Each structure stands twice: as structure tokens, then as C-alpha cells.
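Here are a few notes to read alongside the model. I have kept them to the chain contacts and the aromatic side chains, so have the viewer open as you go.

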Protein chains: 4
Amino acid sequence: MTSALTPHERVAQSLARQGMMNHLGVRLLSASVGQVELALPYTDKVTQQQGGFHGGAMGALADIAGGYAALTVAPEGMEVTTVEYKINFLNAFQGGELRAIGRVVKAGRRVIVTTAEVLHLHDGQRKDCAVMQQTLTPVNKTY
Amino acid sequence: MTSALTPHERVAQSLARQGMMNHLGVRLLSASVGQVELALPYTDKVTQQQGGFHGGAMGALADIAGGYAALTVAPEGMEVTTVEYKINFLNAFQGGELRAIGRVVKAGRRVIVTTAEVLHLHDGQRKDCAVMQQTLTPVNKTY
Amino acid sequence: MTSALTPHERVAQSLARQGMMNHLGVRLLSASVGQVELALPYTDKVTQQQGGFHGGAMGALADIAGGYAALTVAPEGMEVTTVEYKINFLNAFQGGELRAIGRVVKAGRRVIVTTAEVLHLHDGQRKDCAVMQQTLTPVNKTY
Amino acid sequence: MTSALTPHERVAQSLARQGMMNHLGVRLLSASVGQVELALPYTDKVTQQQGGFHGGAMGALADIAGGYAALTVAPEGMEVTTVEYKINFLNAFQGGELRAIGRVVKAGRRVIVTTAEVLHLHDGQRKDCAVMQQTLTPVNKTY
């Protein structure tokens, strides 16, 4: 990774390599230093037993939103790995799409802390789905 | 849901309705009162940028392992919804399959607490992947 | 508890009953619907092995800041109990005092979700100490 | 810190420096590689508004039980700092004493993961109070 990469390029390059996220149809909406927004459309690949978005889909989206926010502040040539996260589910929805916005709270040398909020957009409405708090650590890039 | 259902039937019935889990190929291995084990095979539907199992896949599997353990202790005719969970990732692996074992720690009337461990099985080896701690609440079954 | 109580009175009434918080010298700075701010002075009752504020003190302060924010939105005549919380420690400090600001994220009938931030104030400086995410549930008041 | 120190000496040496824990009356019961047990007696220094053990006291005790378990596996001459923890409260009790048992789940070079369980002992009964999952990191010892 060279200094020529913008935060958006840096995140897009990693996202393109994530089989799971490509499979689910996750899109990168924006990435700046310390903040990233992603979208996940509603399909039958992301539903739970009642037809709503699966908690696993919300969790995965929040995880990478926070993780990519952390990537934008990681040293050049490094990437980040999730140490842990904690997510609260606020409401369940179906249809439309999910948005997840990750933000860096602390950009330490060894530990990066982020939060993410997950929203549901449908028919012009925007509602809270989940909130996450996450810990990551910078690691060497191996690809 | 009638009293004729065994824990295994109760979990299997719900899992069959989860679009996301069917899509990823999750299988129910065992279910007894207070404990459930699930498996998730390695495919390109569950990878991250380095080719290992995605944290989102480990999180989703742990979430439903704990959730289905909780379902086995929920009152008849009710199901459960995840209030929140927290997961630590211990190691990343590729190939083989993941196993998640969910266990009930407290079966309250309003709050059910579980833990789950995620393991990686490959070439006869069994290694730790993740540990999760989770809170759920019983809700009316709507289908 | 009658409707005549303001959020501030409601929180102050409960705080006065907390032996641990009185012992540590916690003060209520402000309480409005959905938000509460508390202060904890530096003394030798709250230190860890290096002389900084103990994580246990930061955790306890964050816990009650979130909990009292939840109390301001709980139904009249009820109080709240902490189901769980998760806290990230960002920096350690000594001297001065801690401030914790709790905010309600979701005020559900069965589940209340809050966040809290813990700050350190000293010599006119204000620095981040910790962030917390918490789940509570309304319970009957028994005193 | 020299190699002559046993796990018990290593933990005892640190605990003796914690103003908060001495103040609350915390005692070290046992410490071996990867596991530590602590006790906290019931006094008016640790109560909440209903007279039970304060969540802040349970959280602080769990935090150091996990932290000291981590210390027993940290490299010589280093200590550990809590990155974050998550705790579920299972039951509230008064009288008697709390016990917290911390155990190492993963002893990494950069990240140590632990769990702790908090129990209540009173009149010969032993009951579950709380479960915790925690992340720590080794840091240089500065005293």
C-alpha cells in the first residue's frame, strides 16, 4: 500500500477481496479519515426466521464498517484485525437496505477503538437498527 | 409450537426458516435443553480479504448457537430475540469448517444469558476461533 | 415515586441510597430526560497499582451514569437494573476528577439501551477516558 | 520483577498497590498460571440503592480477577492493562461475600483474553452473580 491511496481506495481495495461481503452485495458509500459508510440491500441471503434482516448480517456489516473506519487511520502498509466487538440490536426490519456508519473513537498505536451505528432505509424512512462498540489492532498486510 | 416438539425439532424448525443460514450452509449438529451445536463449512461465501473465515460469519454462527441454546429453554410457544452479544476473535483460519457450541448460563423469565465458543476443525485438528457472551429475551412467536 | 418528581430529583433520590457511590464521593451534576452527568473526584479510594484512576472506578461511574439516564425514561414508580455493559478504556489519568455522561439510545418497554462516555478533567484540560455501551431493564421499585 | 516471583507473589505485589481494592477489602485467595481467585466482603462501601452488592463492585472485582489471571501469563517484567470488558449481571445479593475467578482464554503476545465468573457465598450457599469477558494487553511495568 502506497501513500498514493486515498481512504476510499484503501477501503475499496480490501472490500473487493472479501468473498462474504461481495456475496451479500455490500457497497462502499463513503470513506474519509476516521469514518466509513456501507450499504447492504435486503435479499433472501440476509434473512432470519421471521423474514427480517438477520442479526448476523447486521453484526457483519457493523463489524466491517468499524473495521474500515479503523483501516483509514492505520499506518500505511498495514491493515487491521478485529479483536472483539459488542453489538446491541434495537429494532428488526425487512425490505429496503441497511446502512452502517463506522467511526474511530481512539486511534492508538496498538489498539484502535471504534463505534458503528446500523440504520434501516426504506420508503424514505430512516430508523435505528443497532449500535456497536469495537476494538481492533493494526497487523501486517499479508497480500 | 406444541409440547410434542423436542429441543432438536424446535431448533431445526426455526433454522429451516433462516434464509441467511441456509444460504451459508449452516447445519444443526445437536440440540438438547440448554446446549446447541452448529457447523458452517468453508466456502467463498464466508471469506474475508485474506481468504480466512470472515468475522461476520463467526459472529453470525456464534449468535445463532447462543440464540438456539436460549430457544431450548424459552417457554413453549415463544421464541427468543438477541438483545446484544459481545464476541472476541482468537484466531483466523481457512478451509475445513467452523463449529459453534452455545450454552445457557442463566434462563430468566425476562432475560436469558448464554455463551458460545467457536472452533475450527480441519485435518483432524480442533482449534479455538472465538468466544461470545450474549443476552436474549423471550418474545411471542409470530409465524 | 410520584409524577411530581423531576428527573433530577428521581436520580438524586436513588443516588443518596447507594452506599458505594456516597463512599467514593460521586456527585450528580445534571439530569434531564435521557441524559445524566456525574462526577467522581480523585482520592486514594479509587486508585490502581500505578496511582491512576482504577478501571473499576471508571466502570462503576459509567455504569450508574448510563443507569441513571435510563431511570429518567423508565415508567413512573419503577426503577432500572443493569443487565450488562461493555466498556473500553481509552486512557488512564491521575488527579483531577472524572466525569461520566450517560445517554439513552433506545427506551423500550422491556429493554433500555444507553451509552456513556467518561472524561478526565484536570487543570482545565478535558480528555477521553472510556466509552461504554449498556443494556438495562425496568424493574419494580422495592423501597 | 524477577523470575523468582511466583504467580501468587506477582499478583499480591500488584494488589497491595491498588488503593481502591485495599479500601474495599479485596483479598487474594489463590493464583496459579492462568487462574486467579479473589474475595470481596459485604460492607456499606459496596452497596447499591436496594442494599445489595453494587454492580460497580462486581464489575471492579471481575475486572481485576481477569486482569490478574492475565498478569500470571504476561512476560516477565511486564504488567497488563485492561483494554475492555463486558459483564452480564445474573443476580443481586446482600450479605456474605463475593468471589471472582478469572481464567485466561488466550495468552497472545499482543492480546490476552480472559473470562471471569462472580459468585456470592453466604450461609454455605454459592450462587451465580455475574459473568465477564475481557481483553487486555501487556504493557511495560513503570514502578
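**Notes on the contacts and the aromatic pairs**

1. Let me begin with a contact between two chains: Glu84(B) and Lys86(D) form a salt bridge through their side chains, with N to O at 2.8 Å. Please keep in mind that this is a predicted model. In total, two salt bridges are found across the interface of chain D and chain B. Polar contacts between chain D and chain B come to 10 residue pairs, counting those with both residues at pLDDT 80 or more.

2. Which strands of chain D supply at least two residues each to the side that touches chain B? They are strand E3 (78–89), strand E4 (97–107) and strand E6 (125–140). The contact draws on 13 residues from chain D and 13 residues from chain B.

3. On area, chain D and chain B bury about 1200 Å² between them, and 51% of that is on carbon and sulfur atoms. On the side of chain D, the residues that lose the most area to chain B are Lys86(D), Leu90(D) and Gln133(D), which together make up 46% of what that side buries. Lys86(D) is thus worth a look in both roles, as it also takes part in the salt bridge with Glu84(B).

4. Now the symmetry. Chain D superposes on chain B after a rotation of 180° with 0.0 Å of shift along the axis, at an RMSD of 0.0 Å. That is how a two-fold axis relates two copies. Of the interface residues of chain D, 100% are also interface residues in chain B, so the copies meet through the same surface.

5. Chain A can be placed on chain B as well, by a rotation of 180° with 0.0 Å of shift along its axis (RMSD 0.0 Å). Which C-alpha of chain A is nearest the axis? It belongs to Lys86(A), at 2.0 Å from the axis. Here too the same surface serves both copies, with 100% of the contact residues of chain A recurring in chain B.

6. Over all chains, a search of the whole structure gives 10 aromatic pairs. In one of them, Tyr85(A) and Phe89(B) have ring centres 5.9 Å apart and planes at 45°, so the pair is tilted. Tyr85(A) sits in strand E3 (residues 78–89) of chain A and Phe89(B) in strand E3 (residues 78–89) of chain B, so this pair joins two chains.

7. Are these two residues buried or exposed? Tyr85(A) counts as buried, at 0% relative accessibility, and Phe89(B) is also buried, with a relative accessible area of 11%. Both belong to one aromatic cluster formed by Tyr85(A), Phe89(A), Tyr85(B) and Phe89(B).

8. A further pair lies within chain B: the ring centres of Tyr42(B) and Phe53(B) are 5.2 Å apart and their planes stand at 75°, so the pair is edge-to-face. It links distant parts of the chain, 11 residues apart, with Tyr42(B) and Phe53(B) both in the loop between strand E2 (35–41) and helix H3 (55–71) of chain B. Tyr42(B) is partly exposed, with a relative accessible area of 27%, whereas Phe53(B) is buried at 2% relative accessibility.

Terms used:
Residues numbered from 1 in each chain as written. Chains lettered and ligands numbered in written order. Predicted model: local features only at pLDDT ≥ 70, side-chain atom pairs only at ≥ 80, totals over all residues. Heavy atoms only, no water. Phe/Tyr/Trp six-rings, centres within 6.5 Å; stacked < 30°, edge-to-face > 60°. Helix = DSSP H or I, 4+ residues; strand = E, 2+ residues; numbered from the N terminus. Buried < 20%, exposed > 50% of the residue type's maximum accessible area, 1.4 Å probe, protein only. Least-squares fit on C-alpha atoms with pLDDT ≥ 70 in both. Contact = heavy atoms within 4.5 Å. Buried area = accessible area lost by both parts, 1.4 Å probe. Salt bridge = Lys/Arg side-chain N within 4 Å of Asp/Glu carboxyl O. Polar contact = N/O pair within 3.5 Å; in protein donor to acceptor, adjacent residues only side chain to side chain.
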